[in-house]
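Student: I am new to this structure and would like to understand how its descriptions are justified. Could we go through a few of them with care?

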Protein chains: 2
Amino acid sequence: MIATRTKDLGQAALWFHALADETRLKIIERLLEGEQCVCDLTEFLQTGQSRLSFHLKTLKDAGLLKDRREGRWIYYSLDDDAISEIGRWLDSFKDKRLKVRPAAPCCD
Amino acid sequence: MIATRTKDLGQAALWFHALADETRLKIIERLLEGEQCVCDLTEFLQTGQSRLSFHLKTLKDAGLLKDRREGRWIYYSLDDDAISEIGRWLDSFKDKRLKVRPAAPCCD
DNA sequence: ACAATGTATCAATAAAAATTGATTAGTCAA
DNA sequence: TTGACTAATCAATTTTTATTGATACATTGT
């Protein structure tokens with residue numbers, strides 16, 4: 001269904017946009033090791049608090065991260081559901097790759 | 001090695017940026033079916049020639065597409081090498097996911 | 001209640017990316 | 001050679017994102 005596919009593409013575009021930044025990829029790479037509090041990430045990334053907060057929000061809004069407060073600290077972690085969804089989406093993409101159609105001539 | 005990893009992240013960010021747009025994803029989805037000439041893509045996407053050309057260039061610059069001229073037409077296709085590279089990169093990412101470290105307390 | 005700490009949010013600005021229309025550059029056919 | 005056609009590129013503008021510094025909010029310890 002066109003509508004569904006379009007919606008999927010929109011969602012995928014959001015995911016990819018969130019991933020299209022080196023700082024955010026560093027965050028994710030770090031979170032692969034497990035949950036981290038913002039203060040640790042700040043130190044790890046050597047960046048301003050406000051800037052980090054912005055990127056964390058970007059990732060969270062894209063559904064890639066979860067956060068949880070514990071006392072004054074906030075811990076971020078990867079959202080495993082989203083990660084799997086992305087994996088599934090990419091697989092479905094790969095599937096389409098398989099059915100190659102005969103070369104089309106062009107423009108008519 | 002840090003330097004290498006950083007370079008990889010930079011490359012990945014470029015890939016993801018190219019993928020972070022619904023129009024470009026539509027192009028790729030279409031190219032999964034095989035090589036297409038620009039005129040076909042124009043019709044398929046129902047968009048302006050200049051705009052399409054911009055997005056094709058974006059994808060090509062990211063190394064995701066190849067093009068080839070045949071007479072007055074230019075055909076675009078997916079660059080399989082790049083696609084595999086992305087796949088491998090994602091797999092290496094997944095691998096890191098496996099070695100989960102014990103939960104760190106926080107900030108000291 | 002107050003001060004200190006960790007983090008989000010806001011407002012202003014800067015930087016990057018996308019859109020549009022016009023122009024240019026190849027290719028073909030008459 | 002001219003004209004028609006396909007597609008890239010350019011310039012101007014608009015839109016979107018990112019950065020920075022300031023401020024606000026929640027939590028904790030005193």
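**Reasons behind the descriptions**

Tutor: Let us start at the DNA, where an N or O atom in the side chain of Ser53(B) is 2.6 Å from a phosphate oxygen of DNA strand D. This is a predicted model, in which local features need pLDDT of at least 70 and side-chain atom pairs count only at pLDDT 80 or more, while totals for chains, interfaces and linings use all residues. Residues are numbered from 1 along each chain as its sequence is written, chains are lettered from A and ligands numbered from 1 in the order in which they are written, and side-chain values use heavy atoms, with hydrogens and water left out.

Student: What makes the pair formed by Ser53(B) and the phosphate oxygen a polar contact?

Tutor: A polar contact is a pair of N or O atoms within 3.5 Å (within protein, one must be able to donate a hydrogen and the other to accept it, and residues adjacent in sequence count only if both atoms are side-chain atoms). The Ser53(B) pair, at 2.6 Å, therefore qualifies. Gln49(B) has a side-chain N or O atom 2.6 Å from a base nitrogen of DNA strand D, and a polar side-chain atom of Arg51(A) lies 3.1 Å from a phosphate oxygen of that strand.

Student: Why is Thr58(B) called buried?

Tutor: Buried means under 20% relative accessible area, exposed over 50%, and partly exposed in between (1.4 Å probe, protein chains only). Thr58(B) has 15%, so the word buried applies. Thr58(B) lies in helix 4 (residues 49-61) of chain B, where helices (H or I, at least four residues) and strands (E, at least two) are DSSP runs, numbered from the N terminus.

Student: How do you know that the buried residues of helix 4 of chain B line one face?

Tutor: The buried residues are Leu52(B), His55(B), Leu56(B), Thr58(B) and Leu59(B). Seen down the helix axis, they fall within an arc of 155°, so they line one face of the helix; the arc is that of the directions from the helix axis to the C-beta atoms. On the other side, Gln49(B), Ser50(B), Phe54(B) and Asp61(B) are exposed.

Student: Why is Gln46(A) called exposed?

Tutor: Gln46(A) has a relative accessible area of 68%, and so it meets the cut-off for exposed. Gln46(A) is found in the loop between helix 3 (38-45) and helix 4 of chain A.

Student: What is remarked about the phi of Gln46(A)?

Tutor: Its phi is positive, about 55°, although Gln46(A) is not a glycine. Most residues other than glycine have a negative phi.
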